[in-house]
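Please walk me through this model, stop by stop. Tell me what to select and what I will find there.

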Amino acid sequence: MDKTKAALSFNSVLLLGINGIIGSGIFLLPGTLFKAAGWASLATIGLAGLATLLIAMNYAAMASKIDEDGGAWVYANQAFGPHAGFQIGWFSWFLGVITISTETAAFLTTLSGFWPAAQHRSVYVGIALLILGGITLLNFFGPGTMKVIDNLSSTVKVGLILLFIVGGGIYLGLHSGHPVTTGGAGHHPINAFTTAFYMFTGFSFLPIAAKQMKNAEKTLPRALVVVMIVVTLLYMLTQFLTIMLLGSTVMIEKLPVAAAFMHVLGSAGRGLILAGMLVSTLGVAIAVSFDTPVELASLATEKKLLPREFGRQNRFGAPIIALLSTMGLAILLVLSGSYLFLVNLIVLSSFVQYIATALSLLKLQPDQTLPRGVRLWGGPAIPLVSLALLAYLIFQFNSQTYAIGVAFAIVGELIYWADNQRKKKSV
């Protein structure tokens with residue numbers, strides 16, 4: 001690992017991790033979590049944070065061994081060859097596409113809080129096409145504005161969470177909360193755990209940035225532990241305050257955090273949360289839209305795992321074929337599925353990355369030709385426990401989610417096979 005390029009201090013890594021993990025889920029999912037698990041939803045958030053930390057440690061170990069950008073697909077390529085690397089990279093791109101769609105769906109759900117007509121199908125479709133078309137045009141001219149947009153959305157969403165926790169805590173200190181019963185709730189704790197797991201999936205980019213960190217072998221594991229503890233506490237406090245402020249009505253609120261803050265500051269509080277959510281969700285969608293086509297293009301240009309056309313750039317440096325493929329699929333997904341459906345697709349695609357990373361670590365950990373890197377406590381125990389957890393959870397999805405995952409894998413296989421056939425003919 002090249003220490004001369006390292007620039008991120010421990011505090012920088014903490015902020016990077018917290019900003020990367022917190023997304024739209026905590027603003028939209030408290031009611032879904034409570035309906036599935038009642039008061040145990042607080043425990044499911046804590047367990048999801050712990051499980052994610054275990055999986056993140058696999059990434060930390062691999063990132064300190066393999067000094068390349070790309071994450072899970074690079075590790076799978078090193079451990080199991082280009083075919084495995086391609087499929088994991090293919091799903092990694094899919095994860096980015098779904099994230100764009102999910103944040104766009106979150107934006108539209110939030111917009112309906114200001115403008116109820118946004119719930120109507122024709123209006124929903126029109127605004128979705130307008131947003132994703134605008135994001136495509138923004139990407140067409142290159143990534144120059146991405147950093148500003150990403151910083152703005154990150155600051156807004158973290159600020160909103162802190163404002164809600166402080167304001168909600170003060171309000172509850174001065175007033176009693178609403179009565180809470182668990183009638184109609186609490187029968188599906190596994191569903192709650194899977195949903196809570198989604199709220200932590202943004203962690204995976206942090207270990208990928210290991211080569212930019214000062215003394216990554218020590219910084220990254222400590223930072224992951226602290227980041228997961230901080231984010232888990234923020235999520236649990238937000239869940240607790242939302243339940244206390246709304247009572248059992250939290251189960252029927254589409255915008256629970258905004259509805260809860262209305263009890264604190266009236267309609268101004270609700271409007272403030274909704275406005276911040278609009279900025280945050282749209283900002284995340286835009287930021288991810290810059291990275292995702294580049295990831296697809298890198299499969300074609302760096303490892304030659306995709307047809308070279310996917311790496312073709314326009315005169316502004318944007319990978320135009322990868323960009324159109326990304327945004328075209330994002331449009332189909334946001335128009336065909338609800339927010340919760342897209343959340344399930346994100347978790348499934350994330351699991352593919354996590355399983356590949358844990359398996360790669362088990363194979364490459366004893367490899368003496370690679371740097372020693374981060375040494376995990378218990379040797380192979382953490383990747384084995386991670387795999388056992390993921391093996392259990394991956395069977396919790398509905399048949400539609402599996403069907404889409406299998407169909408996407410088959411499409412990838414066909415593209416990979418056709419490209420290999422073309423390469424053989426050209427030799």
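Start with a working rule: rings of Phe, Tyr and Trp pair if their centres lie within 6.5 Å. With that rule, select Tyr 59, Tyr 75, Phe 193, Phe 197, Phe 351, Tyr 354, Phe 397 and Tyr 402. Ring pairs link these residues into a cluster. Keep in mind that this is a predicted model.

**The whole chain**

Zoom out and colour by secondary structure. The protein chain comes to 16 helices and 0 strands. Its C-alpha atoms fill a box of roughly 75 × 50 × 45 Å along the principal axes. The radius of gyration is 21 Å, which agrees with the value near 22 Å for a compact globule of 427 residues. Of those 427 residues, 55% count as buried. Now look at contacts between residues at least 6 apart in sequence: 83% of them join residues at least 24 apart.

**Aromatic pairs on α6**

Show all Phe, Tyr and Trp side chains. How many aromatic pairs does the structure hold? There are 21. Select Trp 90 and Trp 93 for one tilted example. Their ring centres are 5.2 Å apart and the planes meet at 35 degrees. Tilted pairs fall between the 30 degree limit for stacked and the 60 degree limit for edge-to-face, so 35 degrees counts as tilted. Both residues sit in helix α6, 3 residues apart, so about one helical turn separates them. Trp 90 and Trp 93 are buried.

Next, select Phe 94 and Phe 408. Here the centres are 4.0 Å apart and the planes are at 20 degrees, so this pair is stacked. The two rings come from distant parts of the chain. Phe 94 belongs to helix α6, and Phe 408 to helix α16 (residues 399-426). They are 314 residues apart. Are these two buried or exposed? Phe 94 has a relative accessible area of 3%, so it is buried. Phe 408 has 8% and is buried as well.

**Thr 102, further along α6**

Stay on helix α6 and select Thr 102. Its relative accessible area is 0%, and it is buried. Which residues does Thr 102 touch, leaving aside neighbours within four places in sequence? Add Tyr 198, Tyr 339, Leu 342, Val 343 and Ile 346 to the selection: Thr 102 is in contact with each.

**The second largest pocket**

Switch on a pocket surface. The second largest pocket holds about 650 Å³ of space. It is lined by 30 residues. Select Leu 29, Thr 32, Ser 338, Tyr 339 and Leu 340, the closest of them to its centre. Tyr 339 also appeared at the previous stop, as a contact of Thr 102.

Now colour the helices around the pocket. At least two lining residues come from each of α3 (30-37), α6 (82-114), α9 (189-198) and α14 (339-364). By type, the lining has 14 nonpolar, 13 polar and 3 charged residues.

**Last stop: α3**

Select α3, one of the helices that supply the pocket lining. This helix is mostly covered, with 6 of its 8 residues buried. Pick out the buried ones: Pro 30, Gly 31, Leu 33, Phe 34, Ala 36 and Ala 37. Then step just past the helix to Gly 38. There the backbone takes a positive phi of about 60 degrees.

Key. Residues are numbered from 1 along each chain as its sequence is written. This is a predicted model: local features need pLDDT of at least 70, side-chain atom pairs count only at pLDDT 80 or more; totals for chains, interfaces and linings use all residues. Side-chain values use heavy atoms; hydrogens and water are left out. On a 1 Å grid over the protein atoms alone, a cavity is a set of points where a 1.4 Å probe fits but cannot get out, and a pocket is an open set with protein on both sides within 12 Å along at least five of seven lines; lining residues have an atom within 4 Å of a point. Grid points are joined across faces, edges and corners, and a volume is the space filled by probe spheres set on the points. Helices (H or I, at least four residues) and strands (E, at least two) are DSSP runs, numbered from the N terminus. Ala, Val, Leu, Ile, Met, Phe, Trp, Tyr, Cys and Pro count as nonpolar, Asp, Glu, Lys and Arg as charged, and the others, Gly among them, as polar. Rings of Phe, Tyr and Trp (its six-membered ring) pair if their centres lie within 6.5 Å; planes under 30 degrees apart count as stacked, over 60 as edge-to-face and the rest as tilted. Buried means under 20% relative accessible area, exposed over 50%, partly exposed in between (1.4 Å probe, protein chains only). The radius of gyration is taken over C-alpha atoms; the globule rule is 2.2 Å times the number of residues to the power 0.38. Contact means heavy atoms within 4.5 Å.
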